[in-house]
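Trainee: Could we go through this model together, one site at a time? I would like to start with the vocabulary.

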Amino acid sequence: MIKLPFTLNKEPGIVIFTAPSGAGKTTIVRHLLSTFKELGFSVSATNRPARPHEVDGKDYYFYRTREFLREVKSGSFLEWEEVYDDQFYGTLGSEVDRIWSNNKHILFDIEVNGASNLKEKYGERALAVFIKPPSKEILFQRLKKRKTETEASLKKRIARAGKELTFEDKFDYVLLNDDLATAFREAEAIVEAFLGITKTRETSE
Ligand code: ADP
Ligand code: 5GP
């Protein structure tokens, strides 16, 4: 049985997954989206280039820098961060409206500062889960193995990860992502316990 500090009593709710880049947020969030039909993913905006296989409007809204800053000015973001030099990421208020108006719970995949800001904004309507890699070394290996980053981008992510790993105590729950199948089961149990929903589909992963 999963022990959470509180559970949702207002519908619909939010589960925020946060961690340093490479810890497994995207992998776990995708698994949950394919397992529970009541969940919707908050698609963030960014000015970073799309990776191969990333789809505009599904993985991110890919903006030009000028466009991103215009949206900042016009108040479109609930939170935004310059996560790496000149690389901006932000949560659009319109995403929260879109998903809640479809009567779904929202999953977020964001870095630690944005996660803290959203947690502060939504309080007990949001559960903030820190995904913890088994070690810094394994985190770096995963990032390298993913082969999505240039050498420069990899360096930026590694440089930021040390600080981000010290944030684990600031969140409601720490989920260790060592064995992936175990992490999937724990993530499912967290979502079920917090949101009071049950699995729609059995997945083979
Ligand atoms: P994030 O979204 O936090 O940056 P990803 O989900 O992209 O992280 O995961 C980083 C890389 O590590 C991916 O290549 C993913 O397949 C791999 N990965 C994730 N979890 C595990 C795990 N438990 N064991 C081994 N590899 C993993
Ligand atoms: P990536 O470039 O690897 O997709 O993301 C880099 C980091 O930015 C990750 O930690 C990711 O979770 C975070 N991120 C993605 N979207 C947002 C967002 O809307 N706001 C914030 N603050 N961080 C985000």
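Mentor: Helices, written H or I and at least four residues long, and strands, written E and at least two residues long, are DSSP runs that are numbered from the N terminus. Please keep in mind as we go that this is a predicted model.

Trainee: Okay, so where is Pro20 placed?

Mentor: Pro20 belongs to the loop between strand E1 (14–18) and H1.

Trainee: Is Pro20 buried or exposed, and why?

Mentor: Pro20 counts as buried because its relative accessibility is 0%, and buried means under 20%.

Trainee: And how far apart are the C-alpha atoms of Pro20 and Lys163?

Mentor: Their C-alpha atoms are separated by 8.9 Å, although Pro20 and Lys163 are 143 residues apart along the chain.

Trainee: Moving on to the ligands, which residues come nearest to ligand 1?

Mentor: There are 13 residues around ligand 1, and of these Gly22, Thr26, Thr27, Arg146 and Asn177 come nearest.

Trainee: Which helices supply at least two residues each of that shell around ligand 1?

Mentor: Those are helix H1 (25–35) and helix H5 (136–146), and H1 gives the largest share of the shell, with three residues. Sorted by class, the shell around ligand 1 holds three nonpolar, six polar and four charged residues.

Trainee: What about polar atoms, say for Asn177 and ligand 1?

Mentor: For Asn177, a polar atom of the side chain lies 2.7 Å from a nitrogen atom of ligand 1. The backbone takes part as well: a polar backbone atom of Gly24 is 3.0 Å from an oxygen atom of ligand 1, and for Ala23 a backbone N or O atom lies 3.3 Å from an oxygen atom of this ligand. Taken on its own, ligand 1 has 560 Å² of accessible area, of which the protein covers 76%.

Trainee: Where does ligand 1 sit?

Mentor: Ligand 1 sits in the largest pocket, and the space taken by ligand 2 is the largest pocket too.

Trainee: Then let's turn to ligand 2. Which residues come nearest there?

Mentor: Around ligand 2 there are 18 residues, of which Ser44, Arg48, Tyr60, Tyr89 and Glu111 come nearest. By class, this shell contains five nonpolar, five polar and eight charged residues.

Trainee: And which strands each supply at least two residues of the shell around ligand 2?

Mentor: Strand E5 (77–84), strand E6 (87–92) and strand E7 (105–110) each do so.

Trainee: How about the side chains of Arg48, Asp109 and Lys25, where ligand 2 has its oxygen atoms?

Mentor: In Arg48, a polar side-chain atom lies 2.6 Å from an oxygen atom of ligand 2. The side chain of Asp109 has an N or O atom 2.8 Å from an oxygen atom of the ligand, and for the side chain of Lys25 the corresponding distance is 3.4 Å. Of the 510 Å² of accessible area that ligand 2 has on its own, the protein covers 96%.

Trainee: One last residue, His105: which strand is it in?

Mentor: His105 is found in strand E7, and it counts as buried because its relative accessibility is 5%.

Trainee: Which side chain does His105 join in a polar contact?

Mentor: The side chain of His105 makes a polar contact of 3.5 Å with the side chain of Glu11. In addition, a polar atom of the His105 side chain lies 2.9 Å from the backbone nitrogen of Gly13.

Definitions and conventions: Residues are numbered from 1 along each chain as its sequence is written. Chains are lettered from A and ligands numbered from 1 in the order in which they are written. This is a predicted model: local features need pLDDT of at least 70, side-chain atom pairs count only at pLDDT 80 or more; totals for chains, interfaces and linings use all residues. Side-chain values use heavy atoms; hydrogens and water are left out. A residue is near a molecule or strand if one of its heavy atoms lies within 4 Å of it. A polar contact is a pair of N or O atoms within 3.5 Å; within protein, one must be able to donate a hydrogen and the other to accept it, and residues adjacent in sequence count only if both atoms are side-chain atoms. Accessible areas come from the Shrake-Rupley method with a 1.4 Å probe; for residues, only the protein chains shown count as cover. On a 1 Å grid over the protein atoms alone, a cavity is a set of points where a 1.4 Å probe fits but cannot get out, and a pocket is an open set with protein on both sides within 12 Å along at least five of seven lines; lining residues have an atom within 4 Å of a point. A molecule sits in a cavity or pocket if more than half of its atoms lie within 2 Å of its grid points. Ala, Val, Leu, Ile, Met, Phe, Trp, Tyr, Cys and Pro count as nonpolar, Asp, Glu, Lys and Arg as charged, and the others, Gly among them, as polar. Buried means under 20% relative accessible area, exposed over 50%, partly exposed in between (1.4 Å probe, protein chains only).
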